[in-house]
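Q: I am new to this structure. Please show me how to read some of its features.

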2 protein chains.
Amino acid sequence: MNAVIQEHNSSSIHAAPVAKPVVRPAPGAGFDLDALRSHMLVQMHKLEAGKALYRAGQPFRSLFLVHAGFLKNTLVSEDGRERVTAFHMRGDVLGTEAIGTSMHVCSAVALDSSVVWEVPYTCLLRAGAADPSLQARLADILAAEMRNDRRWMLAQSTLGAEQRVASFLLHMAARHEDLGFSGRRFMLRMSRMDIASFLALKHETVTRALSHLADLGCIRIQLRDVQITDPSRLEQLSQQNERIH
Amino acid sequence: MNAVIQEHNSSSIHAAPVAKPVVRPAPGAGFDLDALRSHMLVQMHKLEAGKALYRAGQPFRSLFLVHAGFLKNTLVSEDGRERVTAFHMRGDVLGTEAIGTSMHVCSAVALDSSVVWEVPYTCLLRAGAADPSLQARLADILAAEMRNDRRWMLAQSTLGAEQRVASFLLHMAARHEDLGFSGRRFMLRMSRMDIASFLALKHETVTRALSHLADLGCIRIQLRDVQITDPSRLEQLSQQNERIH
DNA sequence: CGACAGTTTGAAAAAATTCAACGGAAGTGG
DNA sequence: CCACTTCCGTTGAATTTTTTCAAACTGTCG
């Protein structure tokens with residue numbers, strides 16, 4: 001089990017800027033795996049970077065609990081427009097957006113080699129009847145995801161490009177810290193395009209914002225290796241508008 | 001019960017552009033009220049336009065099923081930035097974003113005189129243990145709301161201002177039609193500012209987009225009275241980019 | 001090595017915002 | 001009912017922000 005985590009840490013990382021190799025038990029977000037196992041068969045899946053966990057159009061049958069790795073969730077419209085709606089890591093639950101439908105509308109793609117546990121949805125519902133705390137947990141997870149979505153909706157309508165990028169970095173830092181890794185230095189697992197899509201910007205704009213934040217001295221960034229050198233300044237920049245050209 | 005609907009139809013409407021006074025039983029979105037009543041006490045509340053159903057900071061105890069009227073849901077950040085995250089009408093469930101927390105983070109405000117049924121959340125959970133279909137229903141509602149949020153997130157990152165406004169009008173039209181009203185002519189219950197906030201635009205931009213759509217001849221609009229004169233053209237404009245200055 | 005996807009930067013263009021002004025509708029209080 | 005105020009909506013012009021287009025550069029991988 002820990003071996004998987006180790007594998008995760010070292011995969012596709014070269015300079016390996018991982019400060020704390022401490023792996024916390026399980027974050028408050030997801031399901032308690034042991035509780036699930038007492039009710040149903042939970043199957044493990046390993047995914048290489050680039051592979052899809054599910055794709056829009058496939059039948060919806062299961063939720064997936066992320067055990068290790070990093071994935072993105074993308075929504076595609078009929079006319080081909082696409083957007084990254086969320087990034088997921090250890091403790092997150094994937095596939096929730098398909099609940100109540102027969103087919104996936106979103107695709108979930110691994111951005112790093114990942115390990116997930118498959119939770120058949122009908123089994124989960126059946127288990128919820130026996131264990132009421134489970135259904136409450138499911139509702140909590142869905143609502144938390146909704147709050148998260150809305151947080152970013154708020155950011156998009158009220159924050160400029162640079163502020164959004166700053167917020168994004170801080171958010172990623174916080175998530176890494178929650179999992180016991182360094183919030184000061186980490187690897188972005190997604191491309192500039194993915195970040196851009198998620199923040200409703202173009203990839204050039206993201207690059208420019210990152211370069212500018214680096215110029216201001218609050219971060220250092222090389223490709224996907226991020227160091228937050230001045231967190232409080234970055235925090236400040238994520239809220240106010242300090243534009244020095 | 002129908003009297004309430006009648007009251008709703010005529011309130012704050014002058015030219016009264018309501019074509020079909022047909023009121024459909026209950027849309028697929030929300031809960032079945034009778035099913036809920038067999039499990040718990042469901043209280044009714046009436047709200048005048050402008051009054052809040054709940055506000056950020058208040059303790060979370062109940063969900064609300066909209067029976068009549070029109071409400072907006074707004075998210076406010078600590079530093080005062082605000083945004084409309086959703087509009088709700090008959091059949092929708094409000095308060096879901098607070099599930100799993102003790103306090104509301106959002107405010108729900110009536111934009112027209114409204115009637116809601118209060119569903120105490122702990123009662124709902126308890127009822128879910130007895131009636132498993134109820135918990136599945138709750139999950140469905142939450143997931144549907146998530147899909148809706150993401151639909152708009154996609155729109156914001158891939159559509160221009162005018163396209164977003166066109167999409168918005170079509171969406172409102174469809175919702176009105178679902179409820180048995182005319183999808184061709186209806187009253188916007190919210191201000192330009194509210195639309196702008198929801199679409200991540202400024203109110204002037206929304207006005208300009210509406211004026212331009214009217215110039216192109218696919219809608220007619222006077223203040224909040226909307227007529228969709230060329231739905232297929234509007235549909236087209238909501239996807240492609242046809243800019244005639 | 002060479003191809004290639006991802007990243008960076010610059011300059012021009014487009015889109016949306018800001019600022020400002022005005023007109024109309026609704027509401028208040030005499 | 002009118003005067004007055006306030007909120008909402010519209011429009012124009014200048015400005016800012018973001019995008020688009022183009023080119024170059026950098027690791028990665030076969």
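**Reading the DNA contacts and a helix pair**

A: A backbone N or O atom of A:Ala161 lies 2.8 Å from a phosphate oxygen of DNA strand D. This is a predicted model.

Q: Which backbone atom lies 3.3 Å from a phosphate oxygen of DNA strand D, and what is 2.8 Å from a base oxygen of the strand?

A: The 3.3 Å pair involves a polar backbone atom of A:Lys202. The base oxygen is 2.8 Å from an N or O atom in the side chain of A:Arg208.

Q: Which elements give two or more residues to the surface near DNA strand D?

A: They are α7 of chain A and α7 (203-215) of chain B. The largest share, five residues, comes from α7(B).

Q: How many residues surround DNA strand D, and how do they divide by type?

A: There are 19 residues around the strand, and the closest are A:Ala161, A:Thr205, A:Arg208, B:Arg192 and B:Ser211. The surface divides into eight charged, seven polar and four nonpolar residues. Of the strand atoms within 4 Å of the protein, 66% belong to sugar or phosphate, and the rest to bases.

Q: What describes two packed helices?

A: The angle between their axes and the distance between the axes describe them. Here, the axes of α6 (residues 192-199) and α7 (residues 203-215), both of chain A, come within 8 Å and cross at roughly 100 degrees. Angles of 65 to 115 degrees count as roughly perpendicular, so α6(A) and α7(A) are roughly perpendicular to each other.

Q: Which residues make the contact?

A: On α6(A) they are A:Arg192, A:Met193, A:Ile195 and A:Ala196; on α7(A) they are A:His203, A:Val206, A:Thr207 and A:Leu210. Five are nonpolar, two polar and one charged.

Key. Residues are numbered from 1 along each chain as its sequence is written. Chains are lettered from A and ligands numbered from 1 in the order in which they are written. This is a predicted model: local features need pLDDT of at least 70, side-chain atom pairs count only at pLDDT 80 or more; totals for chains, interfaces and linings use all residues. Side-chain values use heavy atoms; hydrogens and water are left out. Axes are lines fitted to C-alpha atoms, for helices over the stretch in contact, and angles run from 0 to 180 degrees between N-to-C directions. Helices (H or I, at least four residues) and strands (E, at least two) are DSSP runs, numbered from the N terminus. Angles under 35 degrees count as roughly parallel, over 145 as roughly antiparallel, 65 to 115 as roughly perpendicular and the rest as oblique. Contact means heavy atoms within 4.5 Å. Ala, Val, Leu, Ile, Met, Phe, Trp, Tyr, Cys and Pro count as nonpolar, Asp, Glu, Lys and Arg as charged, and the others, Gly among them, as polar. A residue is near a molecule or strand if one of its heavy atoms lies within 4 Å of it. A polar contact is a pair of N or O atoms within 3.5 Å; within protein, one must be able to donate a hydrogen and the other to accept it, and residues adjacent in sequence count only if both atoms are side-chain atoms.
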